[in-house]
Amino acid sequence: MWNPFKRFRVDRIFFSGFSLLIVLLLLAATWITYVLTMRELMDNTADYQQDLLDKLNRQVEGTLQSLEQISLSVAGNQQLDDFLNSNSDDYARFAQGAVIEGILADTIYSMPIIQSIYLYMDHPVANKLGFVRYIPMKAAEGESWYKDVAGDQFAWIGEHTIQTDNGPASVISFARKVLPPLRPYKGLLVINIKSSELRNLLVGEGGSDNGFALYYRGKPVVSAGNAMLEDSVNRFIMGVKQNTGQQHLGNMLLVWSGFFDSDWKLVEQTPWRSLSYWSLRLAGGTALTGLTGILIALLMTLMISRQYIRPIKLLLNAMNQFSISGKEVRLPDDYRNEFGSLFAGFIRMRSRISELYGSLEKQYARQRVAEVERLQAMINPHFLYNTLDQVNWMAMEAGQEHISDVLELMGRMFRIGLSDGESFILIEKEKEYLECYLNIQNIRLKGKIAFEMNIAESLLHTYIPKLTLQPFLENAVRHGFHGRPSGVVRIVGEEKDGGVLFTIADNGIGIRQQNKPARFKTGGYGIRNVKERIAAYFGPRYGVDIVSEAGQGTTVHVFIPKIASLRREDDVQNRAYR
C-alpha cells in the first residue's frame with residue numbers, strides 16, 4: 001500500500017504538534033482577553049451605574065425631603081397646636097378634629113405616595129376617614145420604632161406593615177414630634193408612605209435584575225429588586241465613609257450614592273452573574289471552538305504519529321532481534337527521508353559489526369596460537385635455568401667459587417624473570433632482581449663501581465611491571481662508566497604525588513650524541529620496551545624521564561602508580577589495579 005509519509009520529511013510531521021500549540025496559545029490569549037474584558041466591563045459598568053445612581057438618588061432624596069417639609073408644615077400649623085392643647089368640651093374638640101382631619105386629607109391627596117397619616121395624642125377624638133387616624137400616645141410607646149423617635153425631633157422608620165381598612169399594607173414612615181414653642185410636645189405626627197410607590201421610583205415599572213436599597217443613617221429603610229439586605233452588606237454600608245463609591249463584596253458589585261451632609265445612601269447591588277452573562281457566553285463559544293480545534297489537532301496528531309512511529313518500531317525490532325548468528329530482519333528500502341537514512345545506516349552498521357566480529361574471531365584464533373607459542377617459549381628459560389643449576393654444581397666441584405656465585409645469582413634472576421608468567425611482580429622481587437644483577441657486576445668489576453639502593457619499606461609490597469628498572473641500571477653500568485676506573489650508581493624509590501617515583505642516577509660520562517643508548521641493541525631496546533609498557537598500562541600521566549649532561553652523569557626518573565593489589569584477567573593489557 002502506497003504511504004505518502006515514506007517521502008514526507010520528518011520535520012514536517014511536527015506540524016500537528018505546532019497546531020496544537022497554536023490552539024493552546026489561542027485559548028490562553030482568549031482567556032486573558034476575557035479576563036481583561038471582564039475587568040474593563042466591570043469598571044465601565046460600575047462607573048455607568050454610579051452616574052445613574054447619583055441621578056436616581058437626587059430624585060429619591062428630593063421626594064423624601066419634600067415629605068419632611070410637608071410634615072414640618074403640618075406640625076407647625078396653629079390649628080393643630082390648638083387642637084392638641086384644647087381643654088374644650090367634647091363637641092368643640094370633635095369639631096377641631098374634623099378641621100385637622102381635612103388638612104391632613106388634603107396633604108394625602110396632594111401626594112399620592114402617601115398612604116396614610118397617623119396623629120398620636122393624649123386624648124384622641126373620633127374621625128371619619130380611614131387614612132387619617134387619631135391614636136392614643138400610649139400606643140406609640142409600644143411600637144418598635146418609638147425608641148428611634150424618642151431621642152430626636154423626627155426619624156425615618158424602616159419598611160413595616162400596618163393595618164388598613166383594606167387589609168395589611170407595607171409602608172415606610174416618617175415620624176415628627178409636634179413641638180409648640182416653649183412647651184412639651186403633646187402630639188406625634190407619622191406619615192406612612194407606600195413602599196410600592198418608592199420601589200417603583202427605584203427600579204421602574206419593569207423591574208430590574210439588580211437590587212436597590214435605601215439606607216438612613218446606616219440602617220436599611222426600603223429595598224427593591226433583588227436586593228439582599230445581608231448583615232455583611234449592612235455592616236459595610238454602616239462603616240463606609242465616602243459619599244459615593246464602588247466595592248466588590250462577595251458575589252456582587254456594590255455601588256452607593258450619597259450627598260454631603262445627608263443621612264441617606266442609595267445602594268445598588270449587581271450580581272456577578274448579571275455582569276458576566278454575555279462574557280461567559282462568549283468565553284463558552286470560544287472554549288467550544290478551541291476544544292473543537294484541539295480535537296481536530298489531536299486526531300491529526302494521532303494519524304500522523306502512527307505513520308511516524310511505525311518506522312521507528314521497525315528499526316527497534318530490527319535492533320532487538322539483531323544477532324551475529326541469527327536471521328537478519330529486513331528493513332524497507334523505499335523511504336526517501338530521514339528514516340531511510342536511519343535504515344541505511346543501521347544496515348551498514350550491522351554489516352560492519354558482522355565483519356568486525358569475524359575479524360575478532362580470527363584474531364582470537366591467532367591469540368590462541370600465540371598463547372601456545374608463549375607456553376612453548378617458557379620451556380627454554382626453564383631448561384636454561386636447570387642447565388645453569390647443573391653448571392653451578394660443576395663449578396663448585398671444580399673450586400670456581402666466583403663462577404658458582406655468578407651462576408647462582410643468574411639462577412635467582414631467571415626464577416624472578418619467569419614469575420609464573422606474571423607481568424606484574426612485587427617491588428620487593430624487583431629489588432631482589434636488581435641486587436642479583438649488582439652482585440654479578442661487583443664480581444665482574446671487582447668492586448670498582450659502588451652501588452647504593454634505598455627503596456622505602458612501605459613500597460616493597462606494592463606492584464610494578466616486571467623488569468622495569470634493570471634496563472636503566474644495565475645502561476648505566478655498560479655505557480655510563482665506559483673508559484672510567486670507578487663510579488657510583490644510586491637507586492632511590494619513594495612515594496610522590498599519589499604514585500611511586502624511582503630515581504636511577506650515575507656520575508658517568510653522560511649520554512653523548514654519538515653514544516646515545518639507541519646505538520646499543522640491548523640497552524636501547526630495553527629502555528624503549530619499558531617506556532612502551534608504562535604508556536600502555538598506565539596512560540600519559542606516567543612514564544620515563546631521562547636527564548643527562550656530558551661528563552656529569554645521567555639521571556633517570558621512572559614514575560608509575562602505586563598498585564596495592566592486582567585482579568587477574570586473561571589479557572595482561574586489561575589488568576585492573578587499585
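Here are some notes on a predicted model, for someone opening it for the first time.

1. Start with the nonpolar cores. The largest one has 44 residues, and Phe83, Trp156 and Leu202 have the most contacts inside it. Helix H1 gives the most to this core, with nine residues. A second, separate core has 42 residues, including Phe424, Tyr437, Leu473 and Ile563. As general background, nonpolar side chains in soluble globular proteins tend to be buried together.

2. Leu202 is a handy place to look into the largest core. Setting aside neighbours within four places in sequence, Leu202 is in contact with Leu56, Val60, Phe212, Val222, Ala224 and Leu266.

3. Now follow helix H1, which covers residues 15–75 and holds Trp31. Is Trp31 buried or exposed? Trp31 counts as exposed, because its relative accessibility is 53% and the cut-off for exposed is over 50%. Trp31 also joins Ile32 and Leu36 in a nonpolar patch on the surface, and together they have about 350 Å² of accessible area.

4. Ser71 is found in helix H1 too, but have a look at its accessibility. Ser71 has a relative accessible area of 1%, so it is buried. Not counting residues up to four places away in sequence, Ser71 touches Phe174, Arg176, Leu189 and Ile191.

5. Next, try Ile491, which sits in strand S14 (residues 487–496). Ile491 is buried, with a relative accessible area of 2%. Which residues is Ile491 in contact with, leaving aside neighbours within four places in sequence? They are Leu434, Glu452, Met453, Asn454, Leu473, Thr503 and Ile504. Take Glu452 from that list: Ile491 and Glu452 are 39 residues apart in sequence, yet their C-alpha atoms are 6.1 Å apart in space.

6. The hairpin of S16 and S17 is worth a click. Strand S16 (residues 543–549) and strand S17 (residues 553–561) run antiparallel and are joined by seven bridges. One of the residues to check is Gly543, whose bridge partner in S17 is Phe559. Three residues lie between the strands, and Gly551 in this hairpin takes a positive phi near 85°.

7. On to charges: the structure holds eight salt bridges. Among them is the one between Asp152 and Arg217, where the closest N and O atoms are 3.5 Å apart. Asp152 lies in the loop between helix H5 (146–150) and strand S3 (154–164), while Arg217 lies in the loop between strand S6 (211–216) and strand S7 (219–225), so this pair ties together parts that are 65 residues apart in sequence. Asp152 is partly exposed at 28% relative accessible area, and Arg217 is partly exposed at 46%. Asp263 comes in as well, linked with Asp152 and Arg217 in a network of salt bridges.

8. Another salt bridge joins Lys562 and Glu495, with the closest N and O atoms 3.1 Å apart. This pair links distant parts of the chain, 67 residues apart: Lys562 is in the loop between S17 and strand S18 (566–567), and Glu495 is in strand S14. Lys562 is partly exposed, with 32% relative accessible area, and Glu495 counts as partly exposed at 43%.

9. For a salt bridge inside one helix, go to H9 (residues 338–397), where Glu355 and Arg352 lie three residues apart, about one turn of the helix. Their side chains meet at 3.5 Å, N to O. Glu355 is partly exposed with a relative accessible area of 48%, and Arg352 is partly exposed at 47%.

Definitions and conventions: Residues are numbered from 1 along each chain as its sequence is written. This is a predicted model: local features need pLDDT of at least 70, side-chain atom pairs count only at pLDDT 80 or more; totals for chains, interfaces and linings use all residues. Side-chain values use heavy atoms; hydrogens and water are left out. Patches are made of residues with over 30% relative accessible area and no salt bridge: like charges are joined within 9 Å, nonpolar side chains (Val, Leu, Ile, Met, Phe, Trp, Tyr) within 5 Å. Accessible areas come from the Shrake-Rupley method with a 1.4 Å probe; for residues, only the protein chains shown count as cover. A salt bridge is a side-chain nitrogen of Lys or Arg within 4 Å of a carboxyl oxygen of Asp or Glu. Helices (H or I, at least four residues) and strands (E, at least two) are DSSP runs, numbered from the N terminus. Buried means under 20% relative accessible area, exposed over 50%, partly exposed in between (1.4 Å probe, protein chains only). Contact means heavy atoms within 4.5 Å. A nonpolar core is a set of buried Ala, Val, Leu, Ile, Met, Phe, Trp, Tyr and Cys residues joined through side-chain atoms within 4.5 Å. Two strands pair if DSSP finds at least two bridges between them.
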